Amino acid sequence: RDSSLRLVGSEMCIRDRLLAIDSVINVVLGGCLLASPAQTIAFFGLPTTDTYFYVTVLGAVLLGIGIALWIERRNEDRWRGLGLSGAIIINVLGAGTVLVWLLVDPFNLPTHGYVVLWTVAIVVLGTGLVELAAIMRRPR
């Protein structure tokens with residue numbers, strides 16, 4: 001293995017925690033969208049759809065990302081997951097896209113739907129920025 005990929009001490013602890021938190025968020029949301037798209041959409045007050053195809057595909061992708069993050073957190077020799085850099089990109093792009101939609105072309109949602117979307121977007125963007133700060137502090 002490449003020794004430059006190994007982190008030590010508190011850096012490993014922070015990295016593992018961030019990857020674990022990010023993994024759990026993705027697995028839970030992805031699993032809900034994949035297993036019960038209609039109920040998940042209704043629960044969060046999100047825009048309805050005529051087909052759940054894209055919703056379940058998104059759920060599967062989020063679930064896969066969550067699993068990849070968990071694998072990377074475990075840092076097993078035979079398997080490589082997504083990694084913190086990938087998580088940052090996904091979090092910033094995903095949350096940024098939702099924020100653009102909310103600002104430029106608001107949906108016709110109930111109030112709790114807006115609260116959920118704004119909350120999720122801000123939390124995910126914040127997670128990405130914390131992750132970015134963590135790797136920027138790491139010595140080269």
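This passage describes the fold, the largest pocket, the salt bridges and three single residues of a predicted model.

The protein is helical throughout its assigned secondary structure, with five helices and zero strands. Read along the sequence, the pattern is α-α-α-α-α. Helix α1 covers residues 9–35. Helix α2 follows at 37–44. Helix α3 takes in residues 53–74. Helices α4 and α5 span 84–104 and 111–137. Of the 140 residues, 31% count as buried. The exposed surface of the protein comes to about 8900 Å². Carbon and sulfur atoms supply 68% of that area. Contacts across the sequence were also counted. Among contacts with a separation of 6 or more, 65% join residues 24 or more positions apart.

The largest pocket has a volume of about 1100 Å³. Its lining is made up of 35 residues. The closest of these to the pocket centre are L29, L58, L62, V98 and L117. Helices α1, α2, α3, α4 and α5 each supply at least two residues of the lining. By class, the lining holds 26 nonpolar residues, eight polar residues and one charged residue.

Charged side chains were examined next. Side chains of opposite charge can pair when their charged atoms come close. The count in this model comes to two salt bridges. One is formed by R15 and D16, with an N to O distance of 3.5 Å. The other is formed by E72 and R15, at 2.4 Å from N to O. E72 belongs to helix α3 and R15 to helix α1, so this pair ties together parts that are 57 residues apart in sequence. R15, D16 and E72 are thus linked in a network of salt bridges. R15 has a relative accessible area of 9%. E72 has a relative accessibility of 6%. The cut-off for a buried residue is under 20%. R15 is therefore buried, and E72 counts as buried as well.

Three further residues illustrate individual positions in the helices. L102 lies in helix α4. With 6% relative accessibility, L102 counts as buried. Residues up to four places away in sequence aside, L102 touches F107, Y114, L117 and W118. Of these, L117 is also among the residues closest to the centre of the largest pocket. Y114 stands 12 residues from L102 along the chain, and the C-alpha atoms of the two are separated by 8.2 Å.

T127 is placed in helix α5. T127 has a relative accessibility of 16% and also counts as buried. Leaving aside neighbours within four places in sequence, T127 is in contact with D22 and N91. D22 falls within the residue range of helix α1, and N91 within that of helix α4.

Y54 presents another setting. This residue sits in helix α3. Its relative accessible area is 64%. A residue counts as exposed over 50%, and Y54 is therefore exposed. Y54 and L34 are 20 residues apart along the chain. Their C-alpha atoms are separated by 9.9 Å. L34 falls within the residue range of helix α1.

Conventions. Residues are numbered from 1 along each chain as its sequence is written. This is a predicted model: local features need pLDDT of at least 70, side-chain atom pairs count only at pLDDT 80 or more; totals for chains, interfaces and linings use all residues. Side-chain values use heavy atoms; hydrogens and water are left out. A salt bridge is a side-chain nitrogen of Lys or Arg within 4 Å of a carboxyl oxygen of Asp or Glu. Buried means under 20% relative accessible area, exposed over 50%, partly exposed in between (1.4 Å probe, protein chains only). Helices (H or I, at least four residues) and strands (E, at least two) are DSSP runs, numbered from the N terminus. On a 1 Å grid over the protein atoms alone, a cavity is a set of points where a 1.4 Å probe fits but cannot get out, and a pocket is an open set with protein on both sides within 12 Å along at least five of seven lines; lining residues have an atom within 4 Å of a point. Grid points are joined across faces, edges and corners, and a volume is the space filled by probe spheres set on the points. Ala, Val, Leu, Ile, Met, Phe, Trp, Tyr, Cys and Pro count as nonpolar, Asp, Glu, Lys and Arg as charged, and the others, Gly among them, as polar. Contact means heavy atoms within 4.5 Å. Accessible areas come from the Shrake-Rupley method with a 1.4 Å probe; for residues, only the protein chains shown count as cover.
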